[in-house]
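Biologist: I've got this complex open and I'd like to go through one part of it with you. Could you take a close look at a sheet for me?

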Amino acid sequence: MGFYLVQFLTGWADASGLFMVACGLTLIFGVSRIVNFAHGSFYMVGAYVAYTLITHLPATGMSFWGSILVAALVVGAIGIVVEVLLLRRLYHAPELFLLMGTFGIILIIQDLSRWLFGAEDLLGPQCPGLSGSISILGSLMPQYDLVLIAVALLILGLIWLLLNRTRWGILVRAATEDREMLAALGVNQSRLFTGVFFLGSFLTGLGGALQLPKGGADLLMDLNVIAAAFVVVVVGGMGSIQGAYLAALIIAELSSFGILVLPQSTLVMMFLVMAVVLVIRPYGLFGKPESMVHEAAGEPSATLRPAPARLKMLGLALLAVIALLPLVAGEFQLVLLTEIAILSLASMSLYFMMGPGGMVSFGHAAFFGGGAYAAALLVHYLQTPMELALGLAPLATGLLALIIGWFCVRLTGVYLAMLTLAFAQICWSIVFQWGSFTGGDDGILSIWPSAWADDKIVFYYLTMVICIGGVLALRAMVFTPFGYTMRACRDSPLRVDAIGIDLRRHQWLTFVLAGAFAGLAGGLYVFSKGSVFPDEMAISRSFDFLLMVLLGGVETLFGPVAGSAAFTWLHDQISRLAFWQLILGSIFIVLVVAFPQGIAGFFNNRFGRYFGAEPQG
Amino acid sequence: MPKILEVQHLRKSFGGVRAVDDVSFDLSAGRLLAMIGPNGAGKSTCFNLINGQLKPDSGRVRILGRTSNGCKPREVWKMGVGRTFQITATFASMTVLENVQMVKLSHHGRTRSLTRRMQRMYVEESMELLELVGIKAQWNRPAGVLAYGDLKRVELAMALANNPRLLLMDEPTAGMGAMERTHLMQLTADIVRSRDIAVLFTEHDMDVVFTHADEIIVLNRGSLVARGAPDQVRANRQVQEIYLGTEEAARLQKNGSEAHD
């Protein structure tokens, strides 16, 4: 009995840490509608700053708690800086560009932390006076865990008081309910946003600092915690504090007890909970329907028109260059171009569902990595020839998209995006934890092309034919009746329903097509690299694709290709430098501020008239 | 005359409130029927029961002799019903022509075709509709940049694109200037009479209602209180009480109610 009680309390302590991160995230989202991907980075900074302070001060309870409070205040201050210097400029840009800006912050903080605090994992210092355990019905329970539970409850209470008993709190709640009304009442919105950003950042910094004795600090914390925090926020309902607490509790308890039944299930568990909750209650336990990312931006999407003659000429010239390149380029350049082509196809498939389809996916790596693993497993276990494996990979991911899509198209906007992230994480954890079948962390090695395509130049041509064909096929689909129907579903769900079109069914098909093409790209990728690792399915991979699409611009059909090329080239150029993430992150931020329409969108506006297109925006 | 729409003993409650309480009426081809009543009379609920957005608690809706109870809006549309919305719902990123082509596409069941190019499909018939509603000159402009009055015309063309037998128009002139209102309603009346289409519309503007409707039904607190030709309804004492009693309030609330309702 005591064992189960301790297990329950441990779960509760985990929930308390999770709640502090999620609470900040949900507050910020509720008021500003910003999905702050950098929230996990703030958490990491909180842990590092607290670690540094604690280890440099004498080990007393006073200095321990003081350090934690200071760390949280430092993170809160960073939050203010980020909000005032960057995000404030982007409130009127499409929400997706805000995402890109927060990605930039993740990269910058990642490198700065490495530089300031070192790359080694840091073992958390114990809290003086609370490092022991107490006995509960014969089982040992760490004292510090009990303190965590109490602190989180205290914070929950204080925030409740703040939101319900102060004028500022009432404004925050009003902003969460109806932003326009608040503006109409003449409230100083930027001060309110900055305040909420401070509070949210402070809370996540506090969460990071408080978990030090339990988990220490490392450079992977940022993405690990952000995935968990998103799940909590979405399950609880975006913007709901009590929802976040309840969701954190449910998820932490389920994994606390799930580990007893099925030790391999821990990673999958959290995301399964999210999938189940969202299917039953699409807007989370305490949430309300959220308007679509697109609609929130207020601007209608750009009108898509078939390529004018001059643009076609440009395309043909580019094709000629690609065809003749092996004559002059070295092997290294060909490998780079092969990679660009493959990633272009993958990001084009993401663009297909994001742009014309209007469904943002945070988990596209599930299909790219899925295709890679499908091909690799076929070759590894069944000695399938490359040609057949390349054909079966898109079929497999199409099927995967059929399953994932069935759930996802029931939701809209941010919730849909979060559910794709959850499913991608489920896929990733299956691959990662089912080592006996997938090789786990060691991946699958020695997956080479058939003998005829083994030569780098031949494989280059093969890749180009498939990828350019795929990109053009996706582009052509946008102009078929189905492509128009996709755009209609994005533009006006109400009208689509009133002209006899089954919205979900068409969105579902969009999902399947996007998944299949991403799988094809993934299949090619395996043969180009000769191996596959779980990283190809990880969150960071999904973010890469998202960045490529955003970099190119979501309103332009060839944006994804431009974005992939720019991203891959940049990555290659600067990844040899120290602090390349810092540079890349800064570039993103500059780009977001300077070219809110993406690279291709910028050229379209600048030179579109020359190619016979109408200017946008 | 054949009945296009028959509404029989329709009821719908929300919580304890009877939003629509035993409403019955019918509508023949080529006629314009206006549904009026003060705010909260149950017009919107009644409308949504007919177009499939809501399901009735009891009673029946028959369209062209077929019961449509429990059908989704997209199924009701397939029975031959066109709709326009109080706040226009068009495809903002598409051109005016493409908006109408889209409806034709659905009408011919081709929305899942991945092999043809949309550009040349149903162009002539869509252009004819644009000409009919007087917006042909702007065929290549994105719907998102049109003036509101023009958008209303695009929506009318879209509503006509599946050759409907019944048009459901929710506040067809909301948000338009006085001149534009008259033009659009006259255009609508001419088109539906020449094509023998039945129209059910709700409307706040009493000038529009009494000028263009063939028949008027008046709802109050969920019940049908009067039905008849414009002159009969105008002379009806109960209607006068409802309107004269609330006219002042209605005028004062008008600014607010036009925005949401």
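Biologist: Which residue in strand 4 of chain B does B:L5 stand opposite?

Modeller: That would be B:I63. Keep in mind that this is a predicted model. B:L5 belongs to strand 1 of chain B, which covers residues 3–14, and its partner strand 4 covers residues 58–63. The two run antiparallel, with 5 bridges joining them. Zoom out a bit and you'll see an open sheet of 4 strands in chain B, in the order 2-1-4-5, again with antiparallel pairing. At the edges sit strand 2 (17–28) and strand 5 (66–67) of chain B, each pairing on one side only. As a general reminder, strands of a sheet pair through backbone hydrogen bonds, either parallel or antiparallel.

How far to trust it? Chain B averages a pLDDT of 89, and 93% of its residues score at least 70. The stretch to be wary of is 255–261 of chain B, where the pLDDT is below 50; beyond near neighbours in sequence, that stretch has 5 contacts in the model. For the complex, the predictor gives an ipTM of 0.89 and a pTM of 0.87.

As for how the chains meet, 31 residues of chain B and 26 residues of chain A make up the contact. On the chain A side, helix 21 (481–491), helix 22 (493–498) and helix 23 (503–529) each supply at least two residues. Helix 21 of chain A gives the largest share of that side, with 7 residues. Sorted by class, the side of chain A that touches chain B has 14 nonpolar, 7 polar and 5 charged residues.

Technical notes: Residues are numbered from 1 along each chain as its sequence is written. Chains are lettered from A and ligands numbered from 1 in the order in which they are written. This is a predicted model: local features need pLDDT of at least 70, side-chain atom pairs count only at pLDDT 80 or more; totals for chains, interfaces and linings use all residues. pLDDT is the predictor's confidence in each residue, from 0 to 100. Two residues are in contact if their C-beta atoms, placed from the backbone, lie within 7 Å. Ala, Val, Leu, Ile, Met, Phe, Trp, Tyr, Cys and Pro count as nonpolar, Asp, Glu, Lys and Arg as charged, and the others, Gly among them, as polar. Two strands pair if DSSP finds at least two bridges between them.
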